[in-house]
Amino acid sequence: MTFHNVITFQPLRAINQPHFFILSKGKNAGKPIKESCPNCFLITIKNEEESEKLYWLAYTLWKSNFWHQYQIGSVIPFIRISTFKINFRNEVIKAYKKHQKHQEFVNRIRQLETLQQHYSNTIEQIEKLKWVLLQNQLR
């Protein structure tokens, strides 16, 4: 099992380990992101391979609305760092007990994300082509 550290992100703190961020406030609280933002937790890991595994585990938890039950706040929902640490650690332990199944799941999710990105790019290109055709029709 891997060792990971969860702390509140501070922009002036130097980060020299593999890492990713988790949004801590708003409707997307619990969402893993690669770039920092003002309201997020920093998760540092010993190596890049483990970082990818934990990133996709966090993505799975966020996408399945796992963190909604732990959000508090009436105007802007947020997750407490202590709550996040405990529950994320428990989910990491569960995932490592089912390592092979989790790895297959992560591979499938990556493939779907790649496919989704490809289709998004295709739709964007189609929209640009439609715009050019409409502009030419008006001339």
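This is a short tour of a predicted model, going from selection to selection in your viewer.

**Stop 1: two cysteines**

Start by selecting Cys37 and Cys40 and showing their side chains. How far is the sulfur of Cys37 from the closest cysteine sulfur? That closest sulfur belongs to Cys40, and the gap is 4.2 Å, too far for a bond. A disulfide needs the two sulfur atoms within 2.5 Å, and the count of disulfides here comes to zero. While you're there, turn on a surface and look for Cys40: this residue is buried, with a relative accessible area of 2%.

**Stop 2: the aromatic rings**

Now pick out the rings. The whole structure has eleven aromatic pairs. Take Phe41 and Phe84 as your opening example: their ring centres are 5.4 Å apart and their planes meet at 40 degrees, so this pair is tilted. Colour by secondary structure and you'll see Phe41 in strand 4 (residues 40-45) and Phe84 in helix 2 (residues 81-97), so the pair ties together parts that are 43 residues apart in sequence. Are these two buried or exposed? Phe41 is buried at 4% relative accessible area, and Phe84 is buried too, at 0%.

Next, select Trp67 and Tyr70. They form another tilted pair, with 6.0 Å from centre to centre and 55 degrees between the planes. Their surroundings are worth a look: Trp67 is buried, with a relative accessible area of 1%, whereas Tyr70 is partly exposed, at 25%.

To see how the rings connect, select Phe41, Phe66, Trp67, Tyr70, Phe84 and Phe88 together. Ring pairs link these residues into a cluster.

**Stop 3: a charge over a ring**

Hop over to Lys34 and Tyr55. What sits over the ring of Tyr55? The charged end of Lys34 does, 4.1 Å from the ring's centre. Keep Lys34 in mind, as this residue comes back at the next stop.

**Stop 4: salt bridges between helices**

The structure holds seven salt bridges. Select Arg110 and Glu52, whose side chains meet in one of them, at 3.1 Å from N to O. This pair links distant parts of the chain: Arg110 is in helix 3, Glu52 is in helix 1, and they are 58 residues apart. Arg110 is partly exposed at 29% relative accessibility, and Glu52 is partly exposed with a relative accessible area of 22%. Now add Lys34 to your selection: Lys34, Glu52 and Arg110 are linked in a network of salt bridges.

**Stop 5: along helix 3**

Finally, select residues 99-137, which make up helix 3. Try a distance check between its end C-alpha atoms: they are 57 Å apart, which agrees with the 57 Å that 39 residues should span at 1.5 Å a residue.

Which residues of helix 3 are buried? They are His102, Val106 and Ile109. Show their neighbours and you'll find that these buried residues pack against helix 1 (48-63) and helix 2.

Further along, select Glu124 and Lys128. Their side chains meet in a salt bridge, 3.6 Å from N to O, and the two residues lie four apart in helix 3, about one turn of the helix. Glu124 is partly exposed at 42%, and so is Lys128 at 45%.

Last selection: Glu127 and Lys130. This is another salt bridge, with the closest N and O atoms 3.5 Å apart. Both residues lie in helix 3, three residues apart, again about one turn. Glu127 is partly exposed, with a relative accessible area of 43%, and Lys130 is also partly exposed, at 43%.

Terms used:
Residues are numbered from 1 along each chain as its sequence is written. This is a predicted model: local features need pLDDT of at least 70, side-chain atom pairs count only at pLDDT 80 or more; totals for chains, interfaces and linings use all residues. Side-chain values use heavy atoms; hydrogens and water are left out. Buried means under 20% relative accessible area, exposed over 50%, partly exposed in between (1.4 Å probe, protein chains only). Rings of Phe, Tyr and Trp (its six-membered ring) pair if their centres lie within 6.5 Å; planes under 30 degrees apart count as stacked, over 60 as edge-to-face and the rest as tilted. A charge sits over a ring if NZ of Lys or CZ of Arg is within 6 Å of the ring centre and within 35 degrees of the ring normal. The expected span of a helix is 1.5 Å times one less than its number of residues. Contact means heavy atoms within 4.5 Å. A salt bridge is a side-chain nitrogen of Lys or Arg within 4 Å of a carboxyl oxygen of Asp or Glu.
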